[in-house]
Amino acid sequence: MNSKRVALSLLIVFCLNISTVFCQDKPSIFNESSTAKKERMKWWTDARFGMFIHWGLYSLGARHEWLKHNEHMTNEEYQKYFTLFNPDHFEPGKWADEAKAAGMKYAVLTTKHHDGFCLFDSKFTDYKATNSPAKRDLVREYVNAFRAKGMKIGFYYSLLDWHHPDYTMDDVHPLTQTDTTQANYDRLNKGRDMAKYRKYLRDQITELLTNYGKIDVLWLDWTWGDDSKRGKHAEDWGAVELIKLVRKLQPGIIVNNRLGLNKYSDGGDFETPEQVSTAELEKYKGKTWETCQTFSGSWGYYRDETSWKTHRKLLDLLITSVANGGNLILNVGPTARGEFDYRAKYSLDSLSVWMHENSRSIYGCTTAPDGFEAPKDTKLTYNPGTKRLYVHIYNFVANSKLILPGYAGKIKYAQLLNDESEIAFTTEGNDVVLKMPKVAPPYEIPVIELFL
Ligand code: GLC
């Protein structure tokens, strides 16, 4: 070999090594192929729309589910809610009806939130609904009611616990808010043992995933970023062992990404952008994700909250999620009496009217294929199974012409989705021109269905 050749082969070997270093996949915990994962998650990616339910003792305080933290309350101060929790209007069948009518296909209920109160009958704590005046396993009633209506069942479970005697201090614990000195942490941590709390997590997750039949989604919440000094990380939860346990108990389950296992390729099934704007959703294209959003600012019932999202805003969140290939889970915070707030009911009812006629542009849909540009003031979704493209019209002008740029020769038929009424179109150069109806359809955002 001459020296040039030697240099060239050395260069090739060097480049190959570099590329394996940089392109190396993250390590995995399980051995699941991407096809198997897709199959496991198919119902969820097709569903696109779910209901989050944040309900617990904080509903009585009615001023944010973090009120124990925000007001630095001790267990004793918070106890009044436990002794009063008696949801006399709790009828989960009604919740399921509302969710289903709004077009949601799955629900995720807070079985335990950060305050540590369990809505389920756990053997491992007394701090549970069965010991409160509610006197029943509210999780069981939720599961039975939602399952009976054909909804998929999800459990939210808080990794944080501001009530458990072994849960150590961190920078969001209610008791560390007024005195952040190390001395205070040390004083409060005396006698606390995270190893015992880790066992508690495992025991409770085992109960939840054993005693309630098939559970479709587990939504664990949450873990601090790596740079946080006084936060909790994957090791604090025994996260790898925990997710192995979860998958052993419920092999088909779908788990979110908040266990702190991001360094693994399969430490969670989907990303969870929280309360982000529709513009931000674009950067999740190509990933598997679900954006969680509130109707107003708080997850738990907040009586005096006024920042309720409009019907248009909610629709935009749903459409934009699907347009970027993701799911939307919209949160309801029922009152302490166990009912949906009137504003939530109103929002759900408006969504149900839209979804009744237009849900075909949501279910089973995703990002539009390359080569289809969204005309001004529209957003596109696409169903790859039926090969139909949906144009969501944000600014409907009756009797106008809607230009679809570069669509010439790509469209077989066009109709308004809500009533399947034909939309006439012509081809002008590279474009298709749709003739809009003379009368505006009665929807905030009407949809046109194009057959490709
Ligand atoms: C945050 C909050 C929590 C809420 C959750 C929903 O993690 O701590 O209150 O349950 O987001 O995504």
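**The ligand and the empty spaces around it**

Author: The shell of residues around the ligand is made up of six nonpolar, three polar and four charged residues. Please keep in mind that this is a predicted model.

Reader: What makes a residue count as near the ligand?

Author: One of its heavy atoms has to lie within 4 Å of the ligand. There are 13 residues around the ligand, and H54, E65, H113, H114 and E274 come nearest.

Reader: How do you know that the ligand has a polar contact with the side chain of E65?

Author: The cut-off for a pair of N or O atoms is 3.5 Å. In E65, a side-chain N or O atom is 2.6 Å from an oxygen atom of the ligand, so the pair counts as a polar contact.

Reader: Which distances apply to H113 and Y156?

Author: For the side chain of H113, the distance to a ligand oxygen is 2.8 Å. For the side chain of Y156, the matching value is 3.3 Å. Both values fall within 3.5 Å, so these are polar contacts too. As for cover, the ligand taken alone exposes 310 Å², and the protein buries 94% of that area.

Reader: Which pocket is the space taken by the ligand?

Author: The ligand takes up the second largest pocket. That pocket has a volume of about 560 Å³. Its lining has 29 residues, and W222, T223, W224, R258 and G260 lie nearest the centre. Strand 4 (217–221), helix 11 (234–237) and helix 12 (239–249) are the elements that give two or more residues to this lining. By class, the lining of the second largest pocket holds 13 nonpolar, nine polar and seven charged residues.

Reader: And what is the volume of the largest pocket?

Author: The largest pocket holds about 840 Å³ of space. It is lined by 35 residues, with K37, K38, M41, T45 and T288 closest to its centre. Helix 2 (34–40) and helix 3 (42–47) each bring at least two residues to the lining, and helix 2 gives the most, with six. The classes here are seven nonpolar, 15 polar and 13 charged.

Reader: Why is a space called a cavity and not a pocket?

Author: In a cavity a 1.4 Å probe fits but cannot get out, whereas a pocket is an open set of points, so the way out decides the name. Rolling a probe the size of a water molecule over the atoms shows where empty space is left. In this model, two cavities of 30 Å³ or more are counted.

Reader: Which residues lie nearest the centre of the largest cavity?

Author: They are S296, S298, W299, W308 and G333, out of 14 lining residues. The largest cavity has a volume of about 100 Å³, and its lining has seven nonpolar, six polar and one charged residues.

Reader: What lines the second largest cavity?

Author: Its lining includes W55, G56, L57, Y58, T110, T111, K112 and H113. H113 is familiar from the ligand, as one of the residues that come nearest to it. Strand 2 (residues 106–112) gives the most to this lining, with three residues. The second largest cavity has a volume of about 30 Å³, and its lining divides into five nonpolar, four polar and two charged residues.

Conventions. Residues are numbered from 1 along each chain as its sequence is written. This is a predicted model: local features need pLDDT of at least 70, side-chain atom pairs count only at pLDDT 80 or more; totals for chains, interfaces and linings use all residues. Side-chain values use heavy atoms; hydrogens and water are left out. A polar contact is a pair of N or O atoms within 3.5 Å; within protein, one must be able to donate a hydrogen and the other to accept it, and residues adjacent in sequence count only if both atoms are side-chain atoms. Accessible areas come from the Shrake-Rupley method with a 1.4 Å probe; for residues, only the protein chains shown count as cover. On a 1 Å grid over the protein atoms alone, a cavity is a set of points where a 1.4 Å probe fits but cannot get out, and a pocket is an open set with protein on both sides within 12 Å along at least five of seven lines; lining residues have an atom within 4 Å of a point. A molecule sits in a cavity or pocket if more than half of its atoms lie within 2 Å of its grid points. Ala, Val, Leu, Ile, Met, Phe, Trp, Tyr, Cys and Pro count as nonpolar, Asp, Glu, Lys and Arg as charged, and the others, Gly among them, as polar. Grid points are joined across faces, edges and corners, and a volume is the space filled by probe spheres set on the points. Helices (H or I, at least four residues) and strands (E, at least two) are DSSP runs, numbered from the N terminus.
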